[in-house]
Amino acid sequence: MSIVSDAVKKLEDRVFGSGCDDGTVSLKKMSEPEICPYVKGECIQALYGGKICEIVTSYPLEAVTKISFMYGSPLYSPVQRSAACAIVNALSYFMCFTRIARACEKSSHENCLNELKEEIKGKKVYLNGTLPGLYDKIKDNVVDSVDLADIIIVSGDGLFDEEKLAITEENRGRKRLIFTGPTTAGICIMENLEHWCPYGRK
């Protein structure tokens with residue numbers, strides 16, 4: 001069972017009997033999104049119960065599906081994991097488990113980066129995901145080997161992509177993992193993982 005599948009099971013347990021499982025989630029691509037400046041990918045909007053969340057993924061999709069599609073599913077493909085993550089975010093936001101639904105405004109970008117730099121000061125960092133915008137800003141901290149890293153920063157693709165997900169799971173409990181951006185908010189709430197998105201919007 002992957003981190004994503006485990007988070008889905010925990011969400012299922014938390015909302016059991018609430019009737020939310022019967023709800024429908026709409027997933028659609030956004031044409032001109034404001035995404036986290038650290039990541040690269042396509043933005044998917046998840047709409048549930050009048051609430052909207054956004055994720056960024058290298059495995060975009062559009063669909064209308066029920067919450068229960070995820071339950072008991074092995075979520076083998078990156079597209080399935082992207083969908084599941086979007087749904088976990090949307091339902092977690094709807095149920096007020098998390099208050100982060102979208103990326104921060106541009107006015108917050110500098111503060112977020114400065115605070116993150118302070119958090120990783122003097123540490124070696126491995127970037128596990130699609131994070132070109134962050135790499136450019138913290139080059140001096142970045143290492144090419146997981147084994148050399150003190151901290152692994154994980155974006156959504158660190159949960160979706162097969163190889164990157166394996167790195168995330170192999171190092172959980174072994175190294176400090178910091179999950180970043182709105183994309184990973186729901187999974188982090190369910191799995192009690194460290195999450196970095198101090199200025200994410202509702």
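User: What makes E3, E2, E1 and E4 one sheet, and in which order do they lie?
Analyst: The four strands form an open sheet that runs E3-E2-E1-E4, and the pairing is antiparallel. Strands here are DSSP runs of E with at least two residues, helices are runs of H or I with at least four, and both are numbered from the N terminus. Two strands count as paired if DSSP finds at least two bridges between them. E2 (residues 42-48) and E3 have seven bridges in the antiparallel sense, so the pair meets that definition. This is a predicted model, in which local features need pLDDT of at least 70 and side-chain atom pairs count only at pLDDT 80 or more, while totals for chains, interfaces and linings use all residues. Residues are numbered from 1 along each chain as its sequence is written, and side-chain values use heavy atoms, with hydrogens and water left out.

User: Why are E3 and strand E4 (63-66) said to stand at the edges?
Analyst: E3 and E4 each have a single partner strand, so one side of each is left without a neighbour in the sheet. The twist averages 25° from one strand to the next.

User: Which residue is the bridge partner of glutamate 42 in E3?
Analyst: Glutamate 42 has threonine 57 as its bridge partner. Isoleucine 44 stands opposite isoleucine 55, also in E3. In the E2-E3 hairpin two residues lie between the strands, and glycine 49 takes a positive phi near 55°.

User: What makes strand E3 (residues 51-57) largely enclosed?
Analyst: Five of its seven residues are buried, so the rest of the structure largely encloses E3. Buried means under 20% relative accessible area, exposed means over 50%, and partly exposed is in between (1.4 Å probe, protein chains only).

User: How do you know that H2 packs on the sheet?
Analyst: H2 touches strand E1 (24-29), E2, E3 and E4, and its direction makes about 150° with that of E3. The angle is taken between N-to-C directions on a scale from 0 to 180 degrees, with axes as lines fitted to C-alpha atoms, for helices over the stretch in contact. H2 is also mostly covered, with 14 of its 17 residues buried.

User: Against what is the 24 Å reach of H2 set?
Analyst: The expected span is 1.5 Å times one less than the number of residues. For the 17 residues of H2 the expected value is 24 Å, and the reach from first C-alpha to last is close to it.

User: Which residues touch the most other members of the largest nonpolar core?
Analyst: They are Leu27, Ile67, Met70, Leu159 and Ile187, in a core of 42 residues. Helix H2 (residues 78-94) gives the most to this core, with eight residues. Another core, of 19 residues, lies apart from it and includes Cys36, Tyr38, Val56 and Ala103. Such a core is a set of buried Ala, Val, Leu, Ile, Met, Phe, Trp, Tyr and Cys residues joined through side-chain atoms within 4.5 Å.

User: Why is leucine 75 called buried?
Analyst: Its relative accessibility is 1%, so leucine 75 counts as buried. Leucine 75 sits in the loop between E4 and H2, and its phi is near 50°, a positive value in a residue other than glycine. Most residues other than glycine have a negative phi.

User: Is cysteine 96 buried or exposed?
Analyst: Cysteine 96 is exposed, with a relative accessible area of 55%. This residue lies in the loop between H2 and H3, and it has a positive phi of about 65° although it is not a glycine.

User: What makes the buried residues of H3 line one face?
Analyst: The buried residues of helix H3 (residues 109-119) are Cys112, Leu113 and Leu116. Seen down the axis, they fall within an arc of 95°, so they line one face of the helix. The arc is that of the directions from the helix axis to the C-beta atoms. On the other side of H3, Glu110 and Glu118 are exposed.

User: Why is aspartate 157 called buried?
Analyst: Its relative accessible area is 4%, so aspartate 157 falls in the buried class. Aspartate 157 lies in helix H5 (residues 157-160). Leaving aside neighbours within four places in sequence, its contacts are Thr57, Ser58, Tyr59, Gly129, Thr130 and Lys164, contact meaning heavy atoms within 4.5 Å.

User: In which order do the strands of the parallel sheet lie?
Analyst: The order of this open sheet of four strands is E5-E6-E7-E8. Strand E5 (125-128) and E8 are the edge strands, as each pairs on one side only. Four bridges join E5 to strand E6 (residues 151-154), and asparagine 128 stands opposite valine 154 in E6.
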